Amino acid sequence: YYAGEEKKYIRKNAERVGIVLLLAVGMQFVAVLADMVLGLLVTDFQEVSISLLLQKQSMADYMLFTLAEYVVDMGVPVFAGWLLFRKRDVTIVPLQKTDGSFGVGLLLLGLGMMVIANIIGSYLLSLFETVGVTPVDVPDMQDGTMTVLLLNILTVGIMPGVFEELLFRGVVLQGLRPAGDGAALVF
């Protein structure tokens, strides 16, 4: 009896995680579609997207739009996950105290991985360029103002990390944990 109940519990949690992930993917799709439709409507079919229009007009407006879009895209699935799991004995992002050396070790490990990833990325880019494949130019995301710099740090540096941790380590990992730590980590 208890094994059957446990399977039902695990299945229900997996269904909830699936709903959250589908919502996350759906929100991304809706955001891109809305960006394109708004751009076409606002500019009388002159621009492909509102974000490109904002980028040409004011980098600060573009960064604020991107920040708002990201908060909605990722915030809605995180909030939905919290709603789905709040009464199910699943703690979203359980916090535990650790000593400072663990954090310093993780920081050094992360910095080392960044250096290795940059070396590999540079090598791959040069390899692609030798065979004639050139990367697409990334638009300049700075206009020299402190406002845009701070918005860049918030939009590119802080928000993705916070929401990714909340969504994947919080909702997904904790929701699948009753199936076993190994299965939750692999998923």
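What follows is a short walk through the fold, one aromatic pair and one surface patch of a predicted model.

The overall layout is easy to sum up: the protein has six helices and zero strands, so read from the N terminus the elements simply go α-α-α-α-α-α. Of its 187 residues, 25% are buried. Among contacts with a separation of 6 or more, 71% are between residues 24 or more positions apart. On the outside, the protein exposes about 13,000 Å², with 70% of that supplied by carbon and sulfur atoms.

Turning to the aromatic rings, the count comes to two pairs. One of them joins Y70 and F163: the ring centres sit 6.0 Å apart and the planes meet at 65°, and since edge-to-face begins at over 60 degrees, the pair is classed as edge-to-face. Y70 belongs to helix α3 (residues 59-85), while F163 belongs to helix α5 (residues 146-176), so the pair ties together parts 93 residues apart in sequence. As for burial, F163 has a relative accessible area of 11%; the cut-off for buried is under 20%, so F163 falls in that class.

Then there is the surface. I116, I120, Y123, L124, L127, F128, V131 and V133 make up a nonpolar patch there, and together they offer about 760 Å² of accessible area. One of these residues, L124, is found in helix α4 (residues 100-130). Its relative accessibility is 36%, so L124 counts as partly exposed, and that value also clears the cut-off of over 30% for patch residues.

Methods:
Residues numbered from 1 in each chain as written. Predicted model: local features only at pLDDT ≥ 70, side-chain atom pairs only at ≥ 80, totals over all residues. Heavy atoms only, no water. Phe/Tyr/Trp six-rings, centres within 6.5 Å; stacked < 30°, edge-to-face > 60°. Helix = DSSP H or I, 4+ residues; strand = E, 2+ residues; numbered from the N terminus. Buried < 20%, exposed > 50% of the residue type's maximum accessible area, 1.4 Å probe, protein only. Patch = residues over 30% accessible without salt bridge, like charges linked within 9 Å, V, L, I, M, F, W, Y side chains within 5 Å. Areas by Shrake-Rupley, 256 points an atom, 1.4 Å probe, with all protein chains shown as cover. Salt bridge = Lys/Arg side-chain N within 4 Å of Asp/Glu carboxyl O. Contact = heavy atoms within 4.5 Å.
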